[in-house]
Amino acid sequence: MLEPISIDVISLNLPALLPMAILVLGALAVICADLAVKGLNRSFLTMITVLFIILDFGAVVGFNGPSHGFFDVLLLDGISIIAQVIILVASAFFLPLSLSHRHFREFRMAEFYALFMFMIVGFQFMVSSDNLIMIFIGLETSSLALYTLIAMHNRAKAFEAAIKYFTMGALAASFYGVSALIFYALTGSVEINQIGKILMQREFEPLVGVLAATVFMLGALGFKLSLVPWHTWTPDVYEGSSAPLAGYMSVVPKIAGFVVAMRLFEMLVSSGVVWLEQILYILVVLTMTLSNLIALVQEDVKRMLAFSSISHAGFMMAAILIGTTQSNSALFFYWTLFMFTNLGAFTMLWIVRHRKNLWDERYQHPFSKFSGLVKIMPTTATIMGIFMFALAGMPPFSVFFGKFYLISAAINSNYVSLAIIIAINSAIAVYYYMKLVIFMFLKEPVTADARLYATNASTPLKVIVGFAAIITMFAIVFVEPLLTIITKYVAASGF
Amino acid sequence: MEHILSLLVFFPAMAGLLGFLVTKESIRAYGISVSAIEFFLSIILWIGFDGSNAGYQFVEYLPFMPSYGLSYYLGVDGISLFLVILSTFITMIAFIALSIKNEIKNLIISVLFLEMTMVGVFLILDVIWFYAFWELSLVPMLYIIGAWGSANRMYASIKFFLYTFAGSVLMLVGILYMGFLYHEATGIWSFSLPDWYLLQIPFETQLWLFGAFFLAFAIKVPMFPFHTWLPYAHGQAPTIGSIILAAVLLKMGSYGFVRFSLPLFPDASVYFLIPVATICIIMVIYAAMIAYAQEDMKQVIAYSSISHMGIVILGTFAMNAEGITGSIFLMLSHGIVSGALFMLVGVIYDRRHTKLMRDFGGLASVMPNFATVYGIMLMASVGLPLTIGFVGEFLSLAGFYRISWVMTLFAGTGIILGAVYMLVLYKKSFFGEVVHAENKTLKDLNAQELTALIPLVALVAILGIYPKPVLSVIDMSVQKMLVLMDQKAVEQTTKEVIIKANSIGGTH
């Protein structure tokens, strides 16, 4: 006879599921609405989705129940809440980019919006759990949705990108599976917390097993976070996706990945295993430096931004390597500032997108396309220039403060050499960001026809760019409160 | 007078923003008016400045991000006062002399933003803000060189930008490390300079930090062997860019040495005294020799700038009041003289579209006023007594004499070499017969150019004959800084060097 299982509903802490539930409902609602009413306008779909995201946001921010829930699978601690907030805010800003002036097929389909919401749910699950299985489910939910979203762009390059991303993603998923399996075999648990405790007790014996599990996990997360040497898909996938999605991918999946990496590696690094620290150190330095060097020779702005985002991800891994409360706060802080700046930069690319490749056969956004933009569209060029300066870490623009805080976190925990490497890398990075500025400001225009540049501009896009530009320029006003909140949440969850 | 410093810093930027709304026809007048008001404000600052007070005056302090340790902290003392006036003055003069016609609106707005960063660097006492102004100054300059320069401008502007930017990122690490040290010592974060002055930093740490700051300053000055960006930048920059670059931007580096390196790291400064002095001597002699070999007038002046900056740094590292006061005075005089010289080259370039000396000759008979002004500036540059150039050079070298007379002797040869290349330049271009037919019909200085140049000539003479009002104000703050250095030094040898250099028998 099976024992009857009795579960106390209260102990399930169902409100913890509310944020995700809202978006799932939203996605289903959108699909149902599409079945009932044919030809829903994209502005309607976009705004409905944004509204659901806002509801979700409210549920996340207003959540004050116990942090564990649903058979202890869910874990809504401080970092999960900040990460969800970043994910939702980024989503709410990137999605309205579908309201571009020109009509793209994917934005006319209700499925796009439903998948978008499912993807967000996946990310939310991914960051709100320390259960390896739950994380895997979240990871795959979001990834599968994302592959499809990329493919919906319906260009030859988009299919190539989606397939590339899918195959690599599948490989990473298998890595993840193997790693989780080994961890389970070693400890009999799939909860990161428990795994950590048991491994500590056994002093990381058997070493080969732990090493294998860690390396496989690094492979899996390295792919998600596009760390060198698992970064190869990044530029091609960014190039093939539409600019909004590329920008989205440069921010959101990574923050989700960072949270998982933080939960996992923090536990391993803090145990003081030297080899692990060394592996991570090498990985961080490689990621920062190699991607920077490759970015130097790119001829396409989008590919340049792709490599630059890899380099920024390297900085973030450094924060995880350092592993203090300050560095973990620096990660979220940096990423929030980076998000708005990247939002601006990718939106600009979206605005200047043109149906035909007028400037180059191979690339959509070659540097030469932006030649002398300041003479044709001074405001556009200035705003783009500000985004570039911000990404380069020039004070007083937003990302500088992130860099500032990250480097001081490194110094405070005696990683002075790492701080210097970060600084040198920022110096290298200036070159490729400046390249665009130089093309825009110092070269002669290739055409005098401003319309070629503004084909895709619409009021919503301009509003988003303006918003991103204001945040980037006047970040100095809100960095203090932002940092205080982030530090509070990060410290509260014990990182 | 309460917020005059904030006004000084942000007035040009505000004016720059409003400048977007001014029509193309009146933008030049707008630029001149704004810069004149700014200059007037800086003069008011001088009038209100209490010359008997060595500390920071007109201080504005606003805790800005307390948990970061950031504050909005402005203050002026004798060391920075005249550098601010120099910045506002040179900007005004450069606007008056401006001869560029195309895209002039963007140019004037860029220069106004540049003015904000220059004044900001000299007035801000919070180091993070200092870093922000320091870095921001690159952006307008990049644009000025890159958009209005001559043929090879793109390369020159990129080189300028990357060199200086790369130099200063390590300074950022140094700055953050200083913040960390302050936190270790006191338990709170602070990035304000007067707070940092209170720290006693261990010797080893000082050496590293000195290095981190040194690179940024050395590139900006520029010191040998980091000077290679400067000839390119000057060679390609438009006249207004060259004037501001030579007159003010280079001074940021030497100001950094006085403001940061010496008082924060006295032991390291003394430790590195001889290597730095050696570099200075190489700068003085080597740059002078290259200047002699140049055929382009502008390059001669560019290399002579490097040579003179060598003496500025040498004076700074004399560790005594004469040397440091002299070097600050030399910064001012070099600002005025090199600014004027670049302006003069610009004048002749506008008329003939060449800067090569061999294309001229006999100009003295064709353009007598031009030749006179040029001659006066040249003498000031060489350091002839009774000109502004003499005072600073003499004091700097006299100050360093107490450290080492041999090295001073070597540096002194730079003055002789300076006389050689400058007089050769003058002889080639101004004396002899007019060989090129085009030169026979050149017009002499017009009213606009005279308006810009006469104040400079007047300053060269007035401050050359009676430098005391400026010197005494600088000296007051320098003395205070030396006492601070002496108190902060952790090594006995450092104290001994400072005492010996000052021959003051100890301040403690």
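A salt bridge here is a side-chain nitrogen of Lys or Arg within 4 Å of a carboxyl oxygen of Asp or Glu. Keep that rule in mind for the views below, all drawn from a predicted model.

**Figure 1. The interface of chain A and chain B is without salt bridges.** Across this interface, the rule finds 0 salt bridges. Polar contacts tell a similar story: the count between chain A and chain B is 0 residue pairs, with both residues at pLDDT 80 or more. What does meet here is 36 residues of chain A and 34 residues of chain B. Together the two chains bury about 3000 Å², and 84% of that area is on carbon and sulfur atoms. On the chain A side, Phe404(A), Leu442(A) and Glu480(A) lose the most area to chain B, together accounting for 22% of what that side buries.

**Figure 2. Helices of chain A supply the surface that touches chain B.** Which elements give two or more residues to this side of chain A? They are helix H15 (373-376), helix H17 (398-412), helix H18 (416-442) and helix H20 (479-492) of chain A. H18(A) brings the largest share, 13 residues. Sorted by class, the side of chain A that touches chain B has 29 nonpolar, 3 polar and 4 charged residues.

**Figure 3. Confidence in the complex and its chains.** Before zooming in further, here are the predictor's own scores. The complex receives an ipTM of 0.82 and a pTM of 0.88. Chain A averages a pLDDT of 86, with 98% of its residues scoring at least 70. For chain B the average is 88, and 99% of the residues score at least 70. Among the elements of chain A, helix H1 (residues 9-12) has the lowest mean pLDDT, 70, while helix H5 (residues 110-127) has the highest, 92.

**Figure 4. Asp77(A) and Arg263(A) form a buried salt bridge.** Over all chains the structure holds 11 salt bridges, and this view shows one of them: the side chains of Asp77(A) and Arg263(A) meet at 3.0 Å, N to O. Asp77(A) sits in the loop between strand E2 (74-75) and helix H4 (78-94) of chain A, and Arg263(A) belongs to helix H11 (residues 243-269) of chain A, so the pair ties together parts that are 186 residues apart in sequence. Are these two residues buried or exposed? Both Asp77(A) and Arg263(A) are buried.

**Figure 5. Glu239(A) and Arg303(A) take part in a salt-bridge network.** The side chains of Glu239(A) and Arg303(A) meet in a salt bridge of 2.6 Å, N to O. This pair links distant parts of the chain, with Glu239(A) in helix H10 (residues 233-240) of chain A and Arg303(A) in helix H13 of chain A, 64 residues apart. Glu239(A) has a relative accessible area of 10% and Arg303(A) one of 11%, so both fall under the 20% limit for buried residues.

A second pair to look for is Glu444(A) with Lys375(A), whose closest N and O atoms are 3.3 Å apart. Glu444(A) is in the loop between H18 and helix H19 (459-473) of chain A, Lys375(A) in helix H15 of chain A, and their positions lie 69 residues apart in the count, linking distant parts of the chain. Lys375(A), at 39% relative accessibility, counts as partly exposed. Back at the network itself, salt bridges that share partners join Glu160(A), Lys164(A), Asp236(A), Glu239(A) and Arg303(A).

**Figure 6. Gln298(A) makes a polar contact with Arg303(A).** Where is Gln298(A) placed? Look in the loop between helix H12 (274-296) and helix H13 (301-322) of chain A. Its side chain is in polar contact with the side chain of Arg303(A), at 3.1 Å. Not counting residues up to four places away in sequence, Gln298(A) touches Arg303(A), Met304(A), Phe307(A), Phe367(A) and Lys435(A). With 8% relative accessibility, Gln298(A) counts as buried.

**Figure 7. Met384(A) is buried in helix H16 of chain A.** Met384(A) lies in helix H16 (residues 378-391) of chain A, and its relative accessibility is 2%, so Met384(A) counts as buried. Leaving aside neighbours within four places in sequence, Met384(A) is in contact with Ala345(A), Met348(A), Leu349(A), Leu436(A) and Met440(A). The C-alpha atoms of Met384(A) and Gly344(A) are separated by 7.9 Å, although these residues are 40 residues apart along the chain.

Key. Residues numbered from 1 in each chain as written. Chains lettered and ligands numbered in written order. Heavy atoms only, no water. pLDDT = per-residue confidence, 0-100. Contact = heavy atoms within 4.5 Å. Buried area = accessible area lost by both parts, 1.4 Å probe. Polar contact = N/O pair within 3.5 Å; in protein donor to acceptor, adjacent residues only side chain to side chain. Helix = DSSP H or I, 4+ residues; strand = E, 2+ residues; numbered from the N terminus. Nonpolar A, V, L, I, M, F, W, Y, C, P; charged D, E, K, R; others polar. Buried < 20%, exposed > 50% of the residue type's maximum accessible area, 1.4 Å probe, protein only.
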